[in-house]
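Trainee: I would like to go through some of the labels used for this structure and the reasons behind them.
Mentor: Go ahead, one label at a time.

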Amino acid sequence: MQHLIVLPVVLPLLTGLFLLRGLHGSTRLKRVLGVASTGLLVVIALALLLRAADGEIAYYAMGGWQPPFGIVLVLDRLSALMVLLTAVLALGCVIFACGGDDEKGSNFHGLFQLQLMGINGAFLTGDLFNLFVFFEVLLLASYALLLHGGGKSRTQAAVHYVVLNLAGSALFLIAVGTLYGATGTLNMADMAVRLGELPAERAGLVTAGALMLLVVFGLKSAILPLYFWLPRAYAAAPAPVAALFAIMTKVGIYAILRVYSLIFGEHAGDLADLEQPWVWWLSLATLAIATLGVLAARDLRLLIAYLVLVSVGTLLAGVGMGTVEATASLLYYLLHSTLVTGGLFLLAEMIGLQRGKAGTRIVKGRPLTQGGLLALLFLVGAMAVAGLPPLSGAIGKALLLNAATPAQQPWLWPLLLASGLGAMVALSRAGSTFFWRNKSGERSGERLSRHQWTGVGLLLAASPLLAALAGPVSDYTLATASQLANPDNVVDALLPDAGDAP
């Protein structure tokens, strides 16, 4: 149990390196190892969640170097929840990829594992610089995965994706250097302590660093006006890659929650809650523009990419509301939106494979070979992502609406309800075109593999499961939000000698 915290980073790292260097030409063995490693990651993540459920904050000091001087991985309720979410999403994606998508290019399984390493590391790290390092690891793997299978559209999308994220990485490094220069530390808990004792002449420098970090995390989470790279990149990516990318925006949202609650929390004086006014208004604008994008989309992949942006606006609105109840609600909605949109990306690929040249474009095509079952899955996914009861989307939205204060309700309620209506209209149009308004002729497309059905079923089944377990899940997210709102707990766990500071 002592080394359990580091396993979500070490396991995919070792598996990825072995797949990249130790196996050549054995597709079956790569699949077995990739699925087995990801399945084991789910088991490890469950064990970490159970360990964190009692509220104790634990850490793993790399090389035995204790904080604030060494590199630490921190386990609390939030990091455990995010690691489990990543593992479940990844399992559905890698099973689906074994249906043939992994053979469309080289080194899929190795790169997939390295991206998991970067994502898990970002969720577990307690150090700002290593947050940057893990961001770079997951981005490097995502660059290659985005190009998996080749094609003009993927190359164009990858160029925009790479350029913008490289700019974001440079700004991230500048922000980290600025904060280190002002505080003399990179450990997040130690930085929180030192901000409580910050000389007045350094406040401007810290504010500049904090706002630069907000721009970086806003780019990662795709908030307006930094979201323009996302729709085309996600729509062009291979289906299992696009589905895994559903967690990528959540890394940015997680970073905002973690950094601004711990470092720039209530003990930071005038720097406390620095991000909330920016995040609140920009999230509402993101929600509005993304809803228009959903309605305007003429391709199912692009429509789902805009649904990811709708979820980003919804989640960041919860961040901007700035209460424990809102944070608990957004965490429930985060679980729902990540798994359902991931499942929809996989389902879109299956529909496209059975429509021949029409692909995922929302135009008339030939009848689908397995249209009945695909239509049923599409109905479940559409109801869930649009927020229709009794599925988890309705519960998540109801929790967020209920968490809004009287001053916030006139802004949040119309936009959130309108986004659900827009999703219903767009998905109804797409579903009727795919499954009812067919051209005359023979059914098209080959029968889909059991791996594809299993991967999609695993992710879309999360919505009714989250609805059935809404009580215990929402209790956990409320406890997580309460823990996040008390940064002293992290400081006391990592720096017991810090006393009552910050």
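Trainee: In which helix does Ala45 lie?
Mentor: Ala45 lies in helix H2, which covers residues 27-52; helices (H or I, at least four residues) and strands (E, at least two) are DSSP runs, numbered from the N terminus. This is a predicted model, where local features need pLDDT of at least 70 and side-chain atom pairs count only at pLDDT 80 or more, while totals for chains, interfaces and linings use all residues. Residues are numbered from 1 along each chain as its sequence is written, and side-chain values use heavy atoms, with hydrogens and water left out.

Trainee: What makes Ala45 count as buried?
Mentor: Buried means under 20% relative accessible area, exposed over 50%, and partly exposed in between (1.4 Å probe, protein chains only). Ala45 has 0% relative accessibility, so Ala45 counts as buried.

Trainee: Which residues does Ala45 touch, not counting those up to four places away in sequence?
Mentor: Val83, Leu84 and Ala87; contact means heavy atoms within 4.5 Å.

Trainee: How many disulfides does the structure hold?
Mentor: Zero. A disulfide is a pair of cysteine sulfur atoms within 2.5 Å. The closest cysteine sulfur to that of Cys93 is in Cys98, 11 Å away, and therefore too far for a bond. Cys98 is likewise in no disulfide, with the sulfur of Cys93 as its nearest cysteine sulfur.

Trainee: Are these two cysteines buried or exposed?
Mentor: Cys93 is buried, at 0% relative accessibility. Cys98 is buried too, with a relative accessible area of 5%.
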